[in-house]
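I opened this model to look up a few points on its sheet, its helix packing and its cores. My entries are kept in the order in which I looked.

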Amino acid sequence: MYSHLPPLNALRAFEAAARLMSFTLAGKELFVTHGAISKQVKQLEDYVGIALFIRQHRSLKLTDEGERYFVHAQAALQTINNATSDLITQPLRTQTLAINILPSLTISWLIPRMEEFKSRYPHLYVDLSIGDFEVDFNKVNYDIAIRSATTVPKAANVLTLMDEDLCLVCSPELAPNLNSLNDINQMTLLQHTTRPGLWQLWAKSVGLELTTEKKFGVEHFYMLSQAAVSGMGVALIPRFFIEDELKNGKLVLPFKADFTSPYRYYLLTPKSSNLPLKVQSFIDWLLELFSPYRQ
């Protein structure tokens, strides 16, 4: 494709010598000897088949061909230098990373961990917003969205983050009243209102017939966790949402009754064959966080 490209080192030697009008000064600039510059220039002249310098006693002068070639060679090297500099310094420039994520995931889980991401990528300005609507990247200016759904979202690049593995939790004050699955029917069921069928699916998976009519509905998982911590009833919540509450004892598992819901968490990006570095950086970091929960 580039059948007439000269040796790059020879071109650099010629450009420096032509600019400084000295093989000696060119050698100092490029950290080589006077003889090495002279040899490189002679190699270039042999390559093009034309003398580029008139070598006078203790001085240099460009030939007419050398002067014309110098203008183009210097411009080409400057273009390569600028492109390389831009590529190297790009990660250091302040860039905006627009992320739209589910409310529960953002408020109770992601925000407390974002400082670590910011310390790793200080050049990124994160614009974080919440939402659970269907994402159309042709209409919204997001780099990344995270959604949960029972089917794979369309019209976007999709990365499956994890299944929604739910665990049964309650406050430590309620736990002594839960000795078997049947005791669930004496409790208030804290219900995710946008997923009203979860309790029935859970009961079917563990072989329990739900008879209680006591229910309390909230819209998001972080609200469910707060209601459970307050002792209002039992809840089905993804483990990763409540790791801190389980560690500090605000929530407990009265008995093992885990359940994988029909929902999965997906990371969405605009349709493209190549992801920007800022997007890939966030994805790599997020996958590190989710690694304990990914199968």
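What follows are my notes on a predicted model.

**Entry 1: the sheet**

I began with the strand order. Eight strands make up an open sheet, and I read the order as 4-3-5-10-6-9-7-8. The pairing in this sheet is mixed. I then looked up what stands at the edges: strand 4 and strand 8 (215-218) are there, each with a single partner strand, so one side of each has no neighbour in the sheet. On average, neighbouring strands of the sheet are turned by 25° against each other, direction ignored.

**Entry 2: strand 3 and its partners**

I took strand 3 next, which covers residues 95-101. Five of its seven residues are buried, and I noted the strand as mostly covered. Strand 3 and strand 4 (residues 124-130) run parallel and are joined by seven bridges. For a position to look at on screen, I picked Ile101, which stands opposite Ile130 in strand 4. With strand 5 (residues 144-149), strand 3 shares three bridges, and these two strands also run parallel. Here I marked Asn100, which is opposite Ala145 of strand 5.

**Entry 3: strand 10**

Which sense does the pairing of strand 5 with strand 10 take, parallel or antiparallel? I found it antiparallel, with five bridges. Arg147 has Tyr266 of strand 10 as its bridge partner. Strand 6 (residues 157-169) pairs with strand 10 (residues 259-269) over eight bridges, in the antiparallel sense. I wrote down two bridge partners in strand 10 for this pairing: Leu268 for Val158, and Tyr265 for Met162. Burial was the last item I checked here. Eight of the 11 residues of strand 10 are buried, so the rest of the structure largely encloses this strand.

**Entry 4: helix 8 over the sheet**

I followed helix 8 (residues 221-229) and listed the strands that it lies across: strand 6, strand 7 (189-192), strand 8, strand 9 (234-238) and strand 10. Relative to strand 9, helix 8 runs at about 140°.

**Entry 5: helix 5**

How many of the eight residues of helix 5 are buried? I count six, so helix 5 is largely enclosed by the rest of the structure. The buried ones are Pro103, Ser104, Leu105, Thr106, Trp109 and Leu110. I also looked up what covers them; the cover includes strand 3, helix 6 (114-120), strand 4, strand 5, helix 8 and helix 10.

I then turned to the packing of helix 5 on helix 10. Helix 5 (residues 103-110) and helix 10 (residues 277-290) pack at an angle of about 75°, and their axes are 14 Å apart. The two helices are therefore roughly perpendicular to each other. On the side of helix 5 the contact is made by Leu105, Trp109 and Leu110, and on the side of helix 10 by Trp285, Leu286, Leu289 and Phe290. Sorted by class, this contact has seven nonpolar residues, no polar ones and no charged ones.

**Entry 6: the cores**

The general expectation I had in mind is that nonpolar side chains tend to be buried together in soluble globular proteins. I looked up the largest nonpolar core, which has 59 residues. Ile184, Trp202 and Leu286 have the most contacts inside it. Leu286 is also one of the helix 10 residues in the contact with helix 5. I went through the neighbours of Trp202: leaving out residues up to four places away in sequence, it touches Leu168, Leu181, Ile184, Leu208, Leu236, Ala257 and Phe259. Another core, of 19 residues, lies apart from the largest one, and Ala10, Ala16, Ala17 and Val41 are among its residues.

**Entry 7: two positive phi values**

Last, I checked two backbone angles. Met21 has a phi near 55°, which is positive in a residue other than glycine. I located Met21 in the loop between helix 1 (8-20) and helix 2 (23-30). Its relative accessibility is 33%, so I entered Met21 as partly exposed.

Phe31 is not a glycine either, and its phi is positive at about 60°. I found Phe31 in the loop between helix 2 and helix 3 (34-48). Is Phe31 buried or exposed? Phe31 has a relative accessible area of 76%, so I entered it as exposed.

Note on methods:
Residues numbered from 1 in each chain as written. Predicted model: local features only at pLDDT ≥ 70, side-chain atom pairs only at ≥ 80, totals over all residues. Heavy atoms only, no water. Axes fitted to C-alpha atoms, helices over the stretch in contact; angles between N-to-C directions. Helix = DSSP H or I, 4+ residues; strand = E, 2+ residues; numbered from the N terminus. Parallel < 35°, antiparallel > 145°, perpendicular 65-115°, else oblique. Contact = heavy atoms within 4.5 Å. Nonpolar A, V, L, I, M, F, W, Y, C, P; charged D, E, K, R; others polar. Core = buried A, V, L, I, M, F, W, Y, C linked by side-chain atoms within 4.5 Å. Buried < 20%, exposed > 50% of the residue type's maximum accessible area, 1.4 Å probe, protein only. Pairing = 2+ DSSP bridges.
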